[in-house]
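Open the model in a viewer and keep the selection tool at hand. The stops below say what to select and what is found there.

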Amino acid sequence: MTITDMPQSAAPNTPISRTPTAVSGAPEFVSGAPEFVSETKKRNPIKPKRDRFTAALPYVAAIFGTLVGGIGFATSYNTLAEVALSWGFGEDLARWFPIGVDASILAFLALDLYLILRGIPWPVLRMAAHGMTGATIWFNASAQGDIGADPVKSASHGVMPILFVIGVEAARRLFIQKAQLEAGTATDRIPLHRWILAPVATPRFYRRMRLHGVTSYPEMIRRQQELTAYEQWLKRKYRDDLSKASDDEKLPMKMAAHGYTVAQALAMPEQQECEAEARAEEAERRRLDAETRRDLAQKKAEANRLEADGELEAVRARVEGSTAEARAHARAQASAAERAAELEEQAMETALVAEARAREAGAERKEAQERRSAAAADLETAELERQAAEKRRLAAEADRVAAAETQAIETQTVAEARAAAAEANRRAAETDEAAAETRRRAAEADRLAAEEAERKATADASSQAARKREAETDLAAAETRLAAAEIERRAVEIEDEAKLTSRQRAVRKVARMALTAGLVPDGLAYDDIHHELCERISIARVQREFDVSSTDTASKYRQEAVVLIADGYRP
């Protein structure tokens with residue numbers, strides 16, 4: 001074994017008893033220590049004859065002890081009666097006095113033994129029995145006169161109660177030892193030689209055994225030896241300087257005073273860390289469980305609240321539907337009549353405005369045509385002027401050529417005059433040509449303006465005609481809506497008289513919507529009616545019209561409306 005190796009137990013064959021303060025999970029035996037087998041078990045078993053003799057000893061002791069007690073009480077009876085009589089008790093009380101004293105001793109000792117067997121001893125009973133025994137001894141000894149004058153005679157009268165008390169104490173010890181063996185709390189006695197050989201250390205040794213519930217003397221010896229060996233191992237490891245040892249390594253010396261073994265003390269840090277981790281895990285688990293329960297409670301409360309709100313909304317919807325149904329009929333009739341009157345008035349106003357705008361457009365178109373005619377005339381005049389200017393220019397050019405031809409024969413003065421006249425004629429022709437071009441361009445501009453005005457007048461006329469047609473269309477639509485409102489009003493009155501349910505009313509309204517949308521069921525089969533109705537009335541429209549969230553309900557409304565129309569329903 002090296003210096004740093006953990007030392008083995010000094011007493012490897014000694015079992016370790018579990019102490020009340022031991023750390024949970026501590027090893028039962030020191031590592032490497034075999035199970036303890038007592039020397040008694042290794043010996044040959046006791047012979048059967050010896051067993052029978054040992055079993056008979058308690059009965060012999062009980063018989064002779066009872067005999068000794070009876071003899072003692074019998075011998076002290078007359079003595080105590082004479083003492084009581086001499087003390088003035090009277091003859092009747094004097095006979096009962098020794099019985100009372102001896103009976104109290106028996107009663108206290110018997111009750112003490114019973115309480116011991118029940119596991120609830122009361123030392124007062126034992127002290128009271130010993131006190132009454134001492135009183136009996138004193139009464140018997142003093143009845144013979146002066147004790148100092150004849151101590152042997154006095155002792156002879158007091159020895160019998162002493163023998164009886166010794167026998168009872170022996171029985172009491174037997175009962176106590178048996179109860180401790182059965183309960184597993186029997187405590188070994190420290191040998192007398194240890195008290196003699198180690199008078200200072202043995203009291204501390206005894207104190208540790210009693211404080212920490214170590215009932216085995218060999219176990220306590222093993223603990224002491226193991227601690228001493230561990231201290232020596234630490235000293236060898238740190239060269240006699242225990243201050244270098246860590247706190248965990250010093251735990252066996254610190255915890256020995258609290259009943260821990262070396263193995264238990266060394267295992268404490270790891271065990272405490274494991275227990276701390278277990279506590280943390282348990283706390284985390286409880287926290288998660290609490291959060292889960294809280295979330296479940298919140299969700300359950302939210303579900304209950306939503307369910308209650310849904311029921312309340314359903315009841316409110318039914319009540320409001322029943323209450324608002326009559327109001328809706330009246331508002332629908334009034335609104336339809338007002339809307340029809342407004343549309344009719346708007347249509348009339350629109351027709352008048354469109355007619356006035358059409359007359360204005362006709363006048364503007366006529367004026368534009370006149371401007372276009374005037375512009376054409378101006379254009380023709382400008383063209384004629386341009387042609388005359390062109391002719392004058394050509395004539396001037398001819399004159400110039402002629403003048404050039406005759407230049408040779410004419411005089412210088414005549415030639416210059418003619419040249420000046422020709423130049424003047426040329427310039428005048430150019431001026432006339434420019435003026436004619438200007439007038440032509442102005443006439444062209446007037447023509448274009450007249451055409452633009454005519455196009456604008458035509459567009460205004462077309463717009464007025466479109467507005468007139470739109471007004472006529474609005475008027476026709478208003479008349480159609482008025483007729484539909486009238487039909488709806490009559491249908492509502494009929495449904496009110498028939499006291500139809502809300503679903504029947506909804507189905508009939510879907511049928512009326514389809515008929516109003518242009519469905520002509522006459523001569524059509526059921527499938528054709530269904531196809532035409534589905535094209536004109538969509539499920540989304542039914543949902544919006546009746547505020548229904550379920551597409552299945554809206555689809556059923558359409559199907560029932562098809563059946564109703566096929567059966568000949570006409571509002």
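## Stop 1: a loop with two positive phi values

Select Arg 239, which is exposed, with a relative accessible area of 75%. This is a predicted model, so what follows describes computed coordinates. Arg 239 sits in the loop between α8 and α9. Its backbone deserves a look: Arg 239 is not a glycine, yet its phi is positive, at about 55 degrees.

Now add Asp 240, placed in the loop between α8 and α9. Asp 240 also counts as exposed, at 63% relative accessibility. Its phi is near 65 degrees, again a positive value in a residue other than glycine. For background, most residues other than glycine have a negative phi.

## Stop 2: the helices on either side of the loop

Select helix α8, residues 217-237, and helix α9, residues 247-255. How far apart are the axes of α8 and α9, and at what angle do the helices pack? The axes are 10 Å apart and the angle is about 150 degrees. Angles over 145 degrees count as roughly antiparallel, so α8 is roughly antiparallel to α9. The crossing of the two helices is left-handed.

Show side chains for the contact next:

- From α8, select Leu 227, Tyr 230, Glu 231, Leu 234 and Lys 237.
- From α9, select Glu 249, Pro 252 and Met 253, which the α8 residues meet.

By residue class, the contact of α8 with α9 holds five nonpolar and three charged residues, and no polar ones.

## Stop 3: a second helix pair

Move along the chain to helix α14, residues 539-546, and helix α15, residues 551-566. Their axes come within 9 Å and cross at roughly 100 degrees. Angles from 65 to 115 degrees count as roughly perpendicular, and α14 and α15 are therefore roughly perpendicular to each other.

Which residues make the contact of α14 with α15? On the α14 side, select Ile 539, Val 542, Gln 543 and Phe 546. On the α15 side, select Thr 551, Ala 554, Ser 555, Tyr 557 and Arg 558. These residues of the contact divide into five nonpolar, three polar and one charged.

## Stop 4: an alanine in helix α11

Select helix α11, residues 412-498, and pick out Ala 422 within it. Is Ala 422 buried or exposed? Its relative accessible area is 9%, so Ala 422 is buried. Then add Ala 398, which lies 24 residues from Ala 422 along the chain. A distance drawn between the C-alpha atoms of Ala 422 and Ala 398 should read 9.4 Å.

## Stop 5: two cysteines

Select Cys 274, which counts as partly exposed at 42% relative accessibility. Then select Cys 534, also partly exposed, with a relative accessible area of 26%. A disulfide is a covalent bond between the sulfur atoms of two cysteines. With pairs of cysteine sulfur atoms within 2.5 Å as the rule, the count of disulfides comes to zero.

## Last stop: the whole model

Clear the selection and colour by secondary structure. The protein comes to 15 helices and zero strands. Colour by accessibility next: of the 571 residues, 25% count as buried. For a view of contacts along the chain, take those between residues at least 6 apart in sequence: 63% of them join residues at least 24 apart.

Methods
Residues are numbered from 1 along each chain as its sequence is written. This is a predicted model: local features need pLDDT of at least 70, side-chain atom pairs count only at pLDDT 80 or more; totals for chains, interfaces and linings use all residues. Side-chain values use heavy atoms; hydrogens and water are left out. Axes are lines fitted to C-alpha atoms, for helices over the stretch in contact, and angles run from 0 to 180 degrees between N-to-C directions. Helices (H or I, at least four residues) and strands (E, at least two) are DSSP runs, numbered from the N terminus. Angles under 35 degrees count as roughly parallel, over 145 as roughly antiparallel, 65 to 115 as roughly perpendicular and the rest as oblique. A crossing is left-handed if the near helix is turned anticlockwise from the far one by less than a right angle, and right-handed if clockwise. Contact means heavy atoms within 4.5 Å. Ala, Val, Leu, Ile, Met, Phe, Trp, Tyr, Cys and Pro count as nonpolar, Asp, Glu, Lys and Arg as charged, and the others, Gly among them, as polar. Buried means under 20% relative accessible area, exposed over 50%, partly exposed in between (1.4 Å probe, protein chains only).
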